[in-house]
Amino acid sequence: MFTFVEYDSNINYRELDCTPGLFHEALKYVLRGESRFHVHNEGAADFDMCYDDNDWYTKADPACPDSDFYKSELFFPPYYFYDETDLEKINMYILDGFQEVFFEEANEYSLVLADLILKHTNLQVTFRDRKVTLFPWLKDKVVLCFIPEKEKSIYVQKSFYPVYNTPDRFCSLGLFHSMFILQWITDLPKKDLKYVELTIRKTEGIGSVLNTYLKAQEALEKMGIKIYIAPGSTRYTDKLLTTYFKIDEKPEDADETNTAFVKCFNCFALNNFTQRNTRCISLDVIKPALLNDMKEYADLLLGNKKTLGVLLRGTDFIIANFEDSFHPSDIDRCISLIAERMEKYNYDRIFVATEDDYYLSKMLKAFPHKVITVSQERHKVEDFKNLKYISDLEKETHSEEAYQASIEDTTVNYIYAMYMLSRCESFLANCMCNGVWIAEAFNEGKFIHKDIVSMMDDTQS
């Protein structure tokens, strides 16, 4: 991404003219290793233009989460090439329902987006940064102000914005990527694009696999494009996925002439294009045989008992160093809060879903004869001394044949646990995670009380 600074006459950088094609011209030289340019501006002040790699720029931002989940893979593509005239492959619908787009900073992407919005919508475009007036094709068309003027505004801030499902808040990189993502994933013309093949990294759990697939499916349906998961790409066998879940297999006619092949998971999943969609895992995605078995099991185990469902995420979730609501709350605090609710609401029992052996032992000790759970393989934080993910631990401790059998057993038991949580009267979790979204989706909004302990003050209901 290009940003703009004061002209430095002490160094001889390549000189470019301030025209609408400025950024595309400069990107040709970025590919040759240049990163700063003198910009000659007819009738206005000359200035310098500096290039920063998008991924480096994002990860250096203090607002970017300090977690390997985010930092171990490409976050934003470099966008050396893009075409603001190819409207068929620009997601203009992201702007629907708004009256204004407000930009804090004038940079390459905010200027490209401003020009695009002014040419093809009736939205007002406003800037806080007066550097926008350096560009003659925009200076008389935008409004300068300190805050948005319209009630329904998209706010585009300078610093990285780490939320991906808010329709009215972005950073400029985030908004640009969400709108131009189809141009990143393929050079095929929109008329030829029939499928997207999504490679999902093997560290992703079943909740992430299904949620990403379903949200992307909804996003692409709007464009007449179908999605399928790249065969063999996840930690789960293709047979497992299609046996238990309603997931499309690779179409027979999918090939390089009609398919975009997405290899970078974060770039595709962590943006508004994918995450803003409401579709997520639900009971509808589970095959009838598994669903019927789970219903019978829950009827037998829970009966008419008044049950509090508790989700305790630990082990690799702690190691991942997630922040804010995604950071697991202290187990002793959770136990104290669970005890309060047991006394206040007179629950008969507690259903505990956790992959953490230490957490389960603490719960059994704190609430003797009250805790029920499903059988599953559990671990301790100490098991991850030289590892990052449960998938790494599973591979280290099992032969290949035993590993595949273990994955199937763990997956089915996990879905059982989430379904059991959804059948409880109320729900408490020690942090936000895919399990929370799955339990809520399975429950369909029927929990009488729901608490996410790590942000208790905001989420009690």
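Let me start with the cysteines: this structure holds zero disulfides. Bear in mind that the model is a predicted one.

Take C64. C64 forms no disulfide, and the nearest cysteine sulfur belongs to C171, 9.7 Å away. The cut-off for a disulfide is sulfur atoms within 2.5 Å. Is C64 buried or exposed? C64 is buried, at a relative accessible area of 4%. Next, C334. No disulfide there either; the nearest cysteine sulfur is that of C431, at 8.7 Å. C334 has 0% relative accessibility, so it counts as buried.

C171 brings us to the cavities. The count is two cavities of 30 Å³ or more. The largest holds about 90 Å³ of space. Which residues line it? The lining is F76, Y161, V163, Y164, R169, F170, C171, G174, S178, L270, N271 and N272. So C171, the residue whose sulfur is nearest to that of C64, is one of the lining residues. Two elements, β9 and α5 (172–185), each supply at least two lining residues. The largest share comes from β9, with three residues.

Now the loop before β9. K158 sits between β8 (153–157) and β9 (169–171). Its relative accessible area is 48%, so K158 is partly exposed. Exposed would need over 50%. Leaving out residues up to four places away in sequence, K158 touches Y57, E104 and E105. There is also a C-alpha distance to note: K158 and S110 are 48 residues apart along the chain, with their C-alpha atoms separated by 9.7 Å.

On to the sheets. In general, strands of a sheet pair through backbone hydrogen bonds, either parallel or antiparallel.

One is an open sheet of four strands. The order is β1-β4-β3-β2, and the pairing is mixed. The edges are β1 (2–6) and β2 (14–17), each pairing on one side only. Neighbouring strands here are turned by 35° against each other on average, direction ignored. Inside the sheet, β3 (residues 36–40) and β4 (residues 47–51) run antiparallel, joined by four bridges. Across that pair, V39 stands opposite F47 in β4. And the helix? Helix α1 (residues 22–30) lies across β1, β2, β3 and β4, and runs at about 160° to β2.

Another open sheet has three strands. Its order is β11-β10-β12, with parallel pairing. Why do β11 (226–229) and β12 (259–262) each have a side without a neighbour in the sheet? Both stand at the edges with a single partner strand, so one side of each is left free of a neighbour. Neighbouring strands in this sheet are turned by 20° on average, again ignoring direction. Strand β10 (residues 195–198) pairs with β11 in the parallel sense, over four bridges. Y195 has K226 in β11 as its bridge partner. Here helix α6 (residues 206–221) packs on the sheet. Helix α6 touches β10 and β11, and its direction makes about 160° with that of β11.

Last stop, α16. How many of the 10 residues of α16 (residues 434–443) are buried? Seven are, so the helix is largely enclosed by the rest of the structure. The buried ones are G435, V436, I438, A439, A441, F442 and N443. Just after the helix, E444 takes a positive phi of about 60°.

To recap: zero disulfides, two cavities of 30 Å³ or more, and a helix α16 that is largely enclosed. Over to you.

Conventions: Residues numbered from 1 in each chain as written. Predicted model: local features only at pLDDT ≥ 70, side-chain atom pairs only at ≥ 80, totals over all residues. Heavy atoms only, no water. Buried < 20%, exposed > 50% of the residue type's maximum accessible area, 1.4 Å probe, protein only. Contact = heavy atoms within 4.5 Å. Pairing = 2+ DSSP bridges. Axes fitted to C-alpha atoms, helices over the stretch in contact; angles between N-to-C directions. 1 Å grid on protein atoms, 1.4 Å probe; cavity = no way out; pocket = protein on both sides within 12 Å on 5 of 7 lines; lining within 4 Å. Points joined across faces, edges and corners; volume = space filled by probe spheres on them.
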